[in-house]
Structures are given as C-alpha cells and as structure tokens.
Amino acid sequence: MTKAHLNKLDNEALSALLDGEQHLTDAKIAEQDVTTFGRYALIGDAMRAQKNNNDIHIDISDRVALALESEPVYADFSQSKTQPQAMTETVQDNKVVAFNWRKPVAQLAIAASVAMFAIVGVNTLPQSNNEQQSEIPLLQTTPLAGMASPVSYSSEPALENAEQGLRELQQQRIGALVLEHQRQARVANSLETAQTNTKASEEKN
Amino acid sequence: MKVITFVLSLVVSFNAFANDTNPAKDLLLKMANAVHTRNFDASFVVVKGKTMEPYRWVHALQGDTELEHLSLLNGAGLEMVRIDNQVTYFEPQSEPYSLKTDSIAGPIPEVLFKDIDRLSAHYDFVLGGKGRIAGRAAQLVRIESKDEYKYNYWIWLDMESSLLLKAAYVNHEGEALEQLQLTHISVTEQPAGMLVEVLNRNFPTPLPNNALINEDSTATNWKISWLPDGFELLKSDRHKLDLNNELTDYYLFSDGFVEVSVFIQRPLPGKRLSGALTSGATTVYVHNGGNFDVSVVGNVPSMTAKAIAESVTRAL
C-alpha cells in the first residue's frame, strides 16, 4: 500500500465525518490536517449553500492578522521605550502634513470603516411607512462580515461584468468620501474656534 | 450710593443668571468638566446597525497637562493621542499627523467636551428619566434638534461622577440609529502609567492653524442654495481624495454639533443612480447632477442630505 493511497483513505473518513455520516470524536479531528479540514468544511458549505440558498462563510481573519503583523507600529504604549525608532523617525520626517493627498493609486486598500459601505444593490422599495422617507432610493449596504450575494442589475452576463466594474468604481468613490469626511471633520473644531475668535475680534473693533 | 447700585446690579444679574439655568445644560457642563479633570480608564462599544466597534478610552490629568488616548480595537485600528492642545492621529496606510485642537474627533461629538451653550440657538436641552447603565445610576439628558433636519442626541450621565455612560443618535421617530455604550469604567486617583509614558514620546509637529485653510478657494465655483439653519461654511477647496486619487471640489459645513461634507466631482461613467447609503447615523447621499456628481456625507437624516445635494448648482 502506497502512502498516497493511505492519505486518500484518511480523507474519505474526514469527508464522511463532515457530511454527518460518521460520529464526531475529538480524536478523529485531531488526526486530521487542519488545512484539509478547513477546505473540506468550505466545500461542504458551498454544496449546502447551493441546496438551501445559504451564505458561505470564508474566514479571512488569519490572513488579516498576517497583514497586520507586517504593519509598522507607531505608538505601542504597552512596550515602554523598546521601540523608540518608530517615533524618532516620524519626527525627523518633517514632511508630515495634515493631509497627505499626493498618494499613489497603488494604496487602494480599503480601510475598515470604508468596507462597511460596500454596495450590493439598489433597493427602491419604500423603507418605512414614512411617506417622506419612501421617496429616497436606498442603496443597500452590507457589513464586511456577513457576505450577502451581490444582486446584479441585469441578466446579461456581459452587462453584468461591466456593471460589476462600475459598482466597484462607485464603491471605491464612496469609501474615499467617507474616509475624507472623517478626516476633514477632525479639523472642523479648530476651524470653528478660529472662526468664532475672528468674529469676536471683529465685533470688538 | 455707588456701592449700593453695584451690589444691586450684582443681585439682578445673578438672578437673571439663575433664571437662565437649565438643569439639563448644567449636567452637560458638569460632564464636560469631569471629562477634563478625572483620571479614568473606560471601554465602550459603538453599535451601528449590525456592526459594532469597540474602543478603549483613557484620560489622565498629570499636573496641569491633560493626557488622553482613544483607540479603536477591531480591524486595522485607529489610535488618537491628545496632549493638552495637540491631537495626533495614527491611521493604517498613512503617516501619523498632529493637529492643534483641544479635543479628539472620535465617535463622541466634540462639542460635548466644551461649552455646549453655543448649541442653544438650534438645539433644546431636556432632562429625561433616570435608569441604570453600565451598572451605575444614570440620568438621561436629551439634546433635541429644533427642526427635523438633524438628529437628536441622547446622553446618559453617571449621577455620581457626571461621566458619560451611554449616548445615542435618535431620529424623530424615537429610534436609536447609532448607540455608544460604556461597558466598563474605572475612575482612579492616580493617572494611568501608560498615559504618563506618552509624555516621553515625540509626536509629529502640528501644522499652524492657518495652513489648514487653503488659499485656493472654490467657494465661487458652486452654489449650495440650501442648508439647514445654523450650518456655516468652515472650509472649501479643491483637492485629491486619498484613497482613489480622484479630484473633488470640497465644502465642509458645521452647525457646531455635526459636520456635513459636500463633494462635487466629475461624473462616473455609465448609469448613475441617486440614492442614500446609511451606516448608523452616517448618511452618504449620492446625487446625479447631470454634468457632475454631488455627494453629501454627514450625521444627518437622508432627507437632509438629499435636499443639500439637490440644491447644488453651477455658479453663474
């Protein structure tokens, strides 16, 4: 019996376990390679989703965690003075500007707050009994976690692709707008104080 | 005789002051004071529809220096550090930067940490009921908009320490759209060591205030003919957006409580739909203006955002 054959047999047992044809025991799970287990679970999810029209859950948390690990650390207060380089660098770099608008397009990664505004479709149904409200078409949003299947505007596959592209453009723009609003709102307070001060001094004169 | 007149005028003015006081407003001022003077370590969550953002909020008064640290604990994160009148923002994907301002622009409206009296023209302050929030006796104070174009804001304050325990943006049907709830707070005598450590660190030098106001004013390019009462223009310019490098004409308005951004951009190709997107209290209204696209972002009802967006015309 070759080794490859052995593996195949193992996986058959795993498949049976996930399909509920075999009873679950801790030892059985421990035997299985974790990645194989995850892959089989996903396949099972996909098949059941087709049957029951359910959502598929893809766990990207480990990949996000990996990406986070490679992020530079700016102010880690938990480790006193162990990473002073990061802070001194920012001081030496006197190009720190309030708003860094001249950024390459390559940085299209979308911030967490932005992802909440991913558009999945347009809902023109009245959203409440309020007559005023019902006049507004509400673009449907979905949080990043609970993926709903995207609703396409048309049944033509070619058009669908084009619309997908457009939707992405619009999504990118809305994400950029929300982020920009958050940033601009930060200066609002100091601008307002400055404005009231000038007004007060004008009234004095 | 002069002395008597002086004393009389003092009494009169004191009476006038006493008549003017409103218990709800007093409580809010007390909270503003407590937030600036207490050493505390708190955790809270912001609930927006189906999403939730957890934050940690630490404040300390070290001698005469105020130290504050607010951080978003989920996702890529966001760190905000304040040392007296300097706030530094640490964000993923961009260089940290500092601003000269005396409060952190986080999920709690900044005006609540200051003299809320300037809101009196457009908001009423009403005392609500008492309840138990985060395990403490709490008093509800409602900040109610005088017209239907803005949301109301409800705040629950700790009856003992006057600190904020819960807050919510509430629409005019009485539904909470976005809630902020403390899950834990500890008030201590001594400032937290973690915060005092901040004093030994270097932060980016803040830009002078006038550098924030761009000389290239676009205020004459567009006419925004409708805004709710009380909103004033804070800045206008033309710049590129950070995320997608798109050029935009930009206007920032505020009524002292909420900010509204108006973006005017070249139209996107294809069929553009006008519509509103909401997340918690934040509304994004996208309006197809023909030869241009108008987007309005802010913590206002979608009807208001729609009306503002549709009032934008090319200035003649």
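Trainee: Which residues does B:Gly131 touch, not counting residues up to four places away in sequence?

Mentor: In this predicted model, B:Gly131 touches B:Ala138, B:Leu140 and B:Trp156 once residues up to four places away in sequence are set aside. B:Gly131 itself belongs to strand 7 of chain B, which covers residues 123-133.

Trainee: Is B:Gly131 buried, exposed or partly exposed, and why?

Mentor: The class follows from a count of surrounding C-beta atoms within 10 Å: 20 or more is buried, and 12 or fewer is exposed. B:Gly131 has 13 such neighbours, so it is partly exposed.

Trainee: How should the sheet be read, and what is its strand order?

Mentor: In general, the strands of a sheet pair through backbone hydrogen bonds, either parallel or antiparallel. Here, chain B has an open sheet of 11 strands in the order 6-5-4-3-2-1-11-10-9-8-7, with antiparallel pairing. Its edges are strand 6 (97-100) and strand 7, each of which pairs on one side only. On average, neighbouring strands are turned by 15° against each other, direction ignored.

Trainee: How many bridges join strand 8 and strand 9 of chain B?

Mentor: Strand 8 (residues 136-145) and strand 9 (residues 152-158) of chain B are joined by 6 bridges in the antiparallel sense. One bridge pair can be located by residue: B:Val141 has B:Ile155, in strand 9, as its partner.

Trainee: Which strands does helix 2 of chain B lie across?

Mentor: Helix 2 (residues 23-37) lies across strand 2 (51-62), strand 3 (65-72), strand 7, strand 8, strand 9 and strand 10 (164-170) of chain B. Relative to strand 7, the helix runs at about 70°.

Trainee: With which residues is B:Leu157 in contact, leaving aside its neighbours within four places in sequence?

Mentor: The contacts of B:Leu157 include B:Leu27 and B:Met31, as well as B:Ala138, B:Gln139 and B:Val141. Also among them are B:Ser162, B:Leu163, B:Leu164 and B:Leu165. As for B:Gly131, its C-alpha atom is separated from that of B:Leu157 by 9.8 Å, and the two residues are 26 apart along the chain.

Trainee: Which residues have the most contacts inside the largest nonpolar core?

Mentor: That core has 91 residues, and those with the most contacts inside it are B:Ile155, B:Leu157, B:Ala167, B:Val260, B:Val262, B:Val284 and B:Val296. The element giving the most to this core is helix 8 (residues 157-204) of chain A, with 8 residues.

Trainee: What does chain B as a whole contain?

Mentor: Chain B contains 4 helices and 19 strands. Of its 316 residues, 43% are buried. Among its contacts between residues at least 6 apart in sequence, 49% join residues at least 24 apart.

Conventions: Residues are numbered from 1 along each chain as its sequence is written. Chains are lettered from A and ligands numbered from 1 in the order in which they are written. This is a predicted model: local features need pLDDT of at least 70, side-chain atom pairs count only at pLDDT 80 or more; totals for chains, interfaces and linings use all residues. A nonpolar core is a set of buried Ala, Val, Leu, Ile, Met, Phe, Trp, Tyr and Cys residues joined through C-beta atoms within 7 Å. Helices (H or I, at least four residues) and strands (E, at least two) are DSSP runs, numbered from the N terminus. Two residues are in contact if their C-beta atoms, placed from the backbone, lie within 7 Å. Two strands pair if DSSP finds at least two bridges between them. Axes are lines fitted to C-alpha atoms, for helices over the stretch in contact, and angles run from 0 to 180 degrees between N-to-C directions.
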